[in-house]
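Please walk me through this structure step by step, as you would for someone in a first year of study, and explain the reasoning wherever a conclusion depends on it.

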Amino acid sequence: MTSTIDEQDEIRAVIEEQAAAMRAGDADAVVARYAPDIVAFTLAPPLAHGPDELRDPATLRGWFAGFAGPVDYEVRDPRITVRGDLAFCASLNRMSAVPAGAAGPFTLWFRSTVCLRRERGRWLIAHQHQSTPFHMDGSFAAALDLEP
């Protein structure tokens, strides 16, 4: 079974919907696509985030409140695979924002994999994994200066 262009377009629309919700600071729209059992490995601690935290828009509103203004968010070159009722999208993402109290913005490129599951005809995000590479020179410092 191979994915169709229509199915890939459906997933692309979900991914862009999520990015647009991030740019708008719309926590309710972001969590609306989360599956009831979502698990995420995000850039921020702890190692894993569960559904109670992730599906609560108040958690995300608190995160948005840590910035002085909007968060710019881009999904670059999404690679989408769909097989039946499961799909995944791997991409390089960029986030840029001004932390509250900071003099200026930061920009961060990171790797993202989003796994989706179709439930009753609607694609929901069941798993997210975000990561930044780190230098293997013994410093183990995050490689925050990388760009595609």
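Gly69 counts as partly exposed, because its relative accessibility is 41%, and the label partly exposed covers values between 20% and 50%. This glycine is found in the loop between H4 and S2, in what is a predicted model. Gly69 and Gly50 are 19 residues apart in sequence, and their C-alpha atoms lie 27 Å apart in space.

The loop that holds Gly69 also holds Phe67, and this brings us to the aromatic rings. A search of the whole structure finds five aromatic pairs. In one of them, the rings of Trp63 and Phe67 have centres 4.9 Å apart and planes at 75°, so the pair is edge-to-face, given that angles over 60 degrees are classed in that way. The two partners are not covered to an equal label: Trp63 is partly exposed, with a relative accessible area of 33%, whereas Phe67 counts as buried at 14% relative accessibility. Phe67 also forms an aromatic pair with Phe106, and this pair is tilted, with 6.3 Å from centre to centre and 40° between the planes. Here the pair links distant parts of the chain, since Phe67 sits in the loop between H4 and S2 while Phe106 sits in strand S4, 39 residues apart. Phe106 itself counts as partly exposed, with 27% relative accessibility. Taken together, ring pairs link Trp63, Phe64, Phe67 and Phe106 into a cluster.

Phe64, a member of that cluster, leads us back to helix H4, where the buried residues are Pro57, Leu60 and Phe64. They cover an arc of only 60° around the axis, which puts them on the same side of H4. The buried residues of H4 pack against H1 and H2.

Helix H1 is the next element to look at, and its length offers a simple check. At 1.5 Å a residue, the 20 residues of H1 (residues 5-24) should span 28 Å, and the end C-alpha atoms are 28 Å apart, which agrees. Which residues of H1 are buried? They are Glu7, Gln8, Ile11, Val14, Ile15, Gln18, Ala19, Ala21 and Met22. They cover an arc of only 160° around the axis, and this is why they are on the same side of H1. On the other side of the helix, Ile5, Asp6 and Ala24 are exposed. Just after H1, Gly25 takes a positive phi of about 70°.

The buried side chains can now be followed into the interior. In soluble globular proteins, nonpolar side chains tend to be buried together. The largest nonpolar core in this model has 30 residues, and Ile11, Tyr34, Leu116, Trp123 and Ile125 are the ones that touch the most other members. Two or more residues of this core come from each of H1, helix H2 (27-32), strand S1 (34-41), helix H4 (57-64), strand S2 (72-83), strand S3 (86-97), strand S4 (106-119) and strand S5 (122-131). The largest share, six residues, comes from H1.

Ile125 deserves a closer look. Leaving aside residues up to four places away in sequence, Ile125 touches Val14, Gln18, Arg33, Tyr34, Ala35, Ile38, Val114, Cys115 and Leu116. Among these contacts, Tyr34 stands opposite Ile125 in S5, and S1 and S5 pair in the parallel sense over four bridges. Strand S5 is mostly covered, with eight of its 10 residues buried.

S5 has a further neighbour, for nine bridges join S4 to S5, and these two strands run antiparallel. Within this pairing, Arg117 stands opposite Leu124 in S5, and the bridge partner of Val114 in S5 is Gln128. The hairpin of S4 and S5 has two residues between the strands, and there Arg120 takes a positive phi near 50°. S4 also pairs with S3, in the antiparallel sense, over 12 bridges. In that pairing the bridge partner of Ala97 in S4 is Phe106, and with Phe106 we return to the aromatic cluster that it shares with Trp63, Phe64 and Phe67.

Conventions
Residues are numbered from 1 along each chain as its sequence is written. This is a predicted model: local features need pLDDT of at least 70, side-chain atom pairs count only at pLDDT 80 or more; totals for chains, interfaces and linings use all residues. Side-chain values use heavy atoms; hydrogens and water are left out. The expected span of a helix is 1.5 Å times one less than its number of residues. Buried means under 20% relative accessible area, exposed over 50%, partly exposed in between (1.4 Å probe, protein chains only). The arc is that of the directions from the helix axis to the C-beta atoms. A nonpolar core is a set of buried Ala, Val, Leu, Ile, Met, Phe, Trp, Tyr and Cys residues joined through side-chain atoms within 4.5 Å. Contact means heavy atoms within 4.5 Å. Two strands pair if DSSP finds at least two bridges between them. Rings of Phe, Tyr and Trp (its six-membered ring) pair if their centres lie within 6.5 Å; planes under 30 degrees apart count as stacked, over 60 as edge-to-face and the rest as tilted.
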